[in-house]
Each structure stands twice: as structure tokens, then as C-alpha cells.
Amino acid sequence: MFDTVQETVDRLAMSLRRSVVLEDAEFVLLASSAHYGDLDPARLQTLSERRPTDALAAELRNRRLHAQRAPRVIEPDPAFGIEYARLSITLRSRYGVLGFLWVTLVEPLTPGEVVLITETVETLRAVLVNISQSIEAVNAEVESEMLGLLTSDAPSRENAANELIELGMFTRSRRFVALCLSLNAEWAPWGGPPPREVISHALLRAITTPMIDAYSFVPTMPETFILIGFRNEPTPEAIGSVVAAIIRETDASDAQEPLGAVLGIGAPVDELVASWESYEQALIAVRVARSRGSRSASWSADPIAASIATLLADEPPEHLLPEPLRRLAGAPAETIELFEAYVTHGGRIAEVADQLGVHRATVHYRLRRAAASIGVDIDADDTRFVIGAWLRQRWLRG
């Protein structure tokens, strides 16, 4: 199909005797004709790097080319390397933007040339729709098999792994790392681009290292399952770099509300069929990150925090909370703060006093009064353990 796109672009350029370029919705080059004395720095950049400079891409977005419904002339702008005017036409389907057709305007267009461009736009639009539908069908199949990796049934996971490899995914991967991307926004259109599109573009821009063989993602509400296949054992620094890039690109998305992306990182596994283990670890790591107010956390890097999150994963229903814990849950904020400081510092009164800015005798007095108010003996080891567990579970719940 892309040969058809290239042939269509070439025919239009030869008829117009002007350069013609087709780019996708992210301004990535799809097809380019021969040039007719109208090559400028901006076009040379696109030909050599297959995309414009970041500055020019940002400028084109600022001009809202994605929203335009009629052809528009982009005047010369040497600051962005545009030395010749261009006709910009946005190609779109019923669902969104397919790409952009650019025609240089060294001379004004004749009425016949305008008709020819209009006809070519319709041809290209139809071809790109077909390509898009073919890609969507493959993506839907990949997504289905990715979900199959997370099922509880071992034969189903094995079958999903084999199907993904037959689809050409992860064929050279030797190590697999699952990420859990959790967004604050509801998994539904929020007045901006579809969430799937936002995540797809963020991953495309973030995952660029050559040591990565393949990656794929699938939304598993409310989190997103991201699987990365590495050709060799990934270093923590390499994984950290990818995670930082995903957060950065998600923050820079066109969504109209902050997404507040939080990433959990599972441990590497040797086989694609075992990637569910890494993903379940990544889910725990998200809880760790949120309890700390952090943007990311790793299962492997902090085993103690991961252990706490695992052991205290479920919040007990209210009817199973004994009376002392019910009273603690309804205690004033200063009481909760006192117990938190007490647990954080391992019962070391001097450190608790320093944190709260009071005398040690005051800490002793307040602790005993607070313990009496909820009906527990603060000197008992079991009491300190229960209060500490309740507070940690409270942190995990955010």
C-alpha cells in the first residue's frame, strides 16, 4: 500500500512540476517526490531525519494544523528553515487526522492544478484509511494476545506468547520487563485526544534505545500494561531512563487535564510467557510510588517497601476492624501525626520530639493519653505492630 502512496505522490509532483511531500499525523515522512529547485532547510531536515525539527513541529501544532478543515498556505519563515511557501492540506478520516500533504508554491497554482490536487487528496485519503484499518486490525490482535499473557490459565498464557511471536513481536527479545502506567484521569475521552493515542505517542517518543527489541501496550483499566522486550539484560539505569522519558512525554501530551502518570516497574523475566509475573510486581510498585508521592517505583529496587505493599494489599472491611482501630481511624489529625512519627522513628522518643518540635516529656504524655483514648497499651510490642501496620496500609491507600 505504501508503494501506492509513493506512486500517487510522484504522479502529482510530476504533473505540478513542484515538490510534494506526505507526512503522517505526527509529521513523520511517509512519501516524498523529486524536487524542482525548491528544496529548503526545513524540507532537507524532513528528508534526512524523516521528521521536522522539534521547534518546527511545535510551531505547526501551535498553528492548529490538526484542526484545519480547508487547505492553508504556510508563508516563508526563515526562522524555521521555510524558504518557500507551502500549501498544507490536512487529510482526515471520520475518526481523526491521517496526515498532511505539502505542496511547495514557488508559483501560484492554476485552477487545473487545484482540481488535480483535490482529486489526489481523495485518493490518498482512501489509501491511508485502508492502511489505518489494516494497522488497527493487527493492533487489535496484538492487544488481545497481550491480555492473554495476563490470564490465570497457564496454557492460555503459553498460547498468547506463541501467537505474539508469530505476529512478529518480541522475536529477538531475551529479557522482558513489564511496566504499569497508572493515570489520574478516568480511562475515557477527557476533552482531548483519545487516551490510547496519548499513550501510544508518548511511548513512541520515549522508547528509542537500540537495546530494546520490541514493546507493546494494552490498557487494563485503570492501569496500562506495557511490556518491553530487551535483547540483553537491561541495566537499572537503562530502565530508569525509559521510565523517566515515558513520564516526561506523558506530561507533555495534548491532554486538557494533568494525567499525573505514575509508573511501576516489575522485575525482568526470561520468558515472554512469564511476563505476567513482572506485571503483577509492577502493580505493587505503583502502590509503593503513590504511597510516597513519587512518580515511579521499582519492585526490585526497594524490596522492603514492596513487601509491605504486598502483605498489606487489601483494606479490611469496616465491620472487621476491632474497636481500637475504629477509634484510631476517627482520631484527630494530631493523634495520627503523633503515631506516624512514633512508628517512623521506631519508637525513639528523642527523634519524635525533634520532628514534632516539643519536649520528650510532652511526647511521653501525649502518647499515653492518645493510647488511652483508643484503648491500647502503647508499651506492648503487639500494639506497636498493629498500629504500624494500620498506618502503613493507610499510606498505601494514599
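Two strands count as paired if DSSP finds at least two bridges between them. The exercises below use that rule on a predicted model.

**Exercise 1. In what order do the 5 strands of the open sheet lie, and which are the edge strands?**

Step 1. Following the pairing from strand to strand gives the order β2-β1-β5-β4-β3, with antiparallel pairing.
Step 2. An edge strand pairs on one side only, and this holds for β2 (29–32) and β3 (72–74).
Step 3. From one strand to the next, the twist averages 25 degrees.
Step 4. For the pair β1 (residues 20–24) and β2, 3 bridges are found, in the antiparallel sense. In this pair Val21 stands opposite Ser32 of β2.

**Exercise 2. Find how strand β8 is covered and which way its residues point.**

Step 1. Strand β8 takes in residues 223–230, and 8 of its 8 residues are buried.
Step 2. In a regular strand the side chains alternate between the two faces of the sheet.
Step 3. Sorting β8 accordingly, Glu223, Phe225, Leu227 and Gly229 point one way, while Thr224, Ile226, Ile228 and Phe230 point the other way. Both sets are buried.
Step 4. A partner of β8 is strand β6 (residues 175–182), which runs antiparallel to β8 and is joined to it by 8 bridges. Phe176 stands opposite Gly229 in β8.

**Exercise 3. Check the length of helix α13, then locate its buried and exposed residues.**

Step 1. Helix α13 (residues 360–374) has 15 residues, so at 1.5 Å a residue it should span 21 Å. Its end C-alpha atoms lie 22 Å apart, which agrees.
Step 2. The buried residues in α13 are listed as Val363, Leu367, Ala370, Ala371 and Ile374.
Step 3. Seen down the axis of α13, the buried residues fall within an arc of 100 degrees, so they line one face of the helix.
Step 4. Tyr365, Arg369 and Ala372 are exposed on the other side of α13.
Step 5. The cover over the buried residues of α13 includes α10 (323–329), α11 (333–344) and α12 (349–356).
Step 6. Just after α13 comes Gly375, with a positive phi of about 85 degrees.

**Exercise 4. Describe how α12 and α13 pack.**

Step 1. Two packed helices are described by the angle between their axes and the distance between the axes.
Step 2. For α12 and α13 the angle is about 100 degrees and the axes are 8 Å apart.
Step 3. Angles of 65 to 115 degrees count as roughly perpendicular, and α12 and α13 are therefore roughly perpendicular to each other.
Step 4. In contact are Ile349, Ala350, Val352 and Ala353 of α12 with Arg360, Val363, His364 and Leu367 of α13.

Terms used: Residues are numbered from 1 along each chain as its sequence is written. This is a predicted model: local features need pLDDT of at least 70, side-chain atom pairs count only at pLDDT 80 or more; totals for chains, interfaces and linings use all residues. Side-chain values use heavy atoms; hydrogens and water are left out. Buried means under 20% relative accessible area, exposed over 50%, partly exposed in between (1.4 Å probe, protein chains only). Helices (H or I, at least four residues) and strands (E, at least two) are DSSP runs, numbered from the N terminus. The expected span of a helix is 1.5 Å times one less than its number of residues. The arc is that of the directions from the helix axis to the C-beta atoms. Contact means heavy atoms within 4.5 Å. Axes are lines fitted to C-alpha atoms, for helices over the stretch in contact, and angles run from 0 to 180 degrees between N-to-C directions. Angles under 35 degrees count as roughly parallel, over 145 as roughly antiparallel, 65 to 115 as roughly perpendicular and the rest as oblique.
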